[in-house]
Amino acid sequence: MSHDTMLPLANHLWQSTLFAIAVWLIILTLRKNRAAVRHRLWLAASVKFLVPFSLLAGLGSHFQWETSVTTPPAVSMIVETISQPFSASGVSVIPPGTASAPQASRIFAVLVGVWICGIAANLFWWLIRWRQVRRAVRLAAPSDLDGPVRVLYGPARFEPGVFGIFRPVLLLPEDIAHRLSPAQLQAVLAHELCHAQRRDNLAMAIHMSVEALFWFHPLV
């Protein structure tokens, strides 16, 4: 990975970090509001990590765009400095004089290798968990409970949960009816159905994708 490639990535991480901090500050002022509002804001912060504005801007800089809108030079310089502090003429990812070109290439290669290993470890762990739940769903028995989501009885060691994004099913422990009263069971069903109706598994998949790609980031 070259120095020119690292600069847009560094700017993207910087912009996403600023966005996440801004969301956190906004959430502090909305502590008395509905939790759904805070949830959507955090989801937006995660999505920002998947939208590389700086990388797209770097790609667009190779083309000539004609526009009639002009921005004052001072304002444009301030905005560019804040949003893209890392540039070829400004701050360098590796200070000059500390490493030669071959050494810098080796450092980049090591960093990329560590990053890929972290992604692979996250995906491997999620694959193991997914296979466990998938097997439980495949071996689960159908229930006589009616509702907008298919309800199955699985192994007792599993907690109640919704599995799947586009065709979700609700997996309940096979002995849950013996451990809970009818009112408690209805509360569990209502809770899990809310997850299914709000597509929380889709939101969780977005968060997990961000965690896999940016596992090294403290805010993530």
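The sheet, the cysteines and the internal cavity of a predicted model are described below.

The predicted model contains an open sheet of four strands in the order 1-2-4-3, and the pairing within this sheet is mixed. Strand 1 (141-142) and strand 3 (161-163) each have a single partner strand and stand at the edges, so one side of each lacks a neighbour in the sheet. Strand 1 runs antiparallel to strand 2 (residues 150-154), and two bridges join the pair. Within this pairing, Ala141 is placed opposite Tyr153 of strand 2. Helix 7 (residues 182-197) packs on the sheet, where it touches strand 3 and strand 4 (169-173). The direction of helix 7 makes an angle of about 30° with that of strand 3.

Zero disulfides are present in the structure. Cys117 has a relative accessibility of 54% and counts as exposed, because the cut-off for that class is over 50%. Cys194, at 39% relative accessibility, counts as partly exposed, because this value lies between the limits of 20% and 50%.

A search of the whole structure for cavities of 30 Å³ or more returned one. The volume of the largest cavity is about 40 Å³. Its lining is formed by Val162, Gly164, Ile165, Pro168, His195, Ala196, Arg199, Asp200, Asn201 and Leu202. Helix 7 and helix 8 (200-213) are the elements that provide two or more residues to this lining. Helix 8 makes the greatest contribution to the lining of the largest cavity, with three residues.

Technical notes
Residues numbered from 1 in each chain as written. Predicted model: local features only at pLDDT ≥ 70, side-chain atom pairs only at ≥ 80, totals over all residues. Heavy atoms only, no water. Pairing = 2+ DSSP bridges. Contact = heavy atoms within 4.5 Å. Axes fitted to C-alpha atoms, helices over the stretch in contact; angles between N-to-C directions. Disulfide = S-S within 2.5 Å. Buried < 20%, exposed > 50% of the residue type's maximum accessible area, 1.4 Å probe, protein only. 1 Å grid on protein atoms, 1.4 Å probe; cavity = no way out; pocket = protein on both sides within 12 Å on 5 of 7 lines; lining within 4 Å. Points joined across faces, edges and corners; volume = space filled by probe spheres on them.
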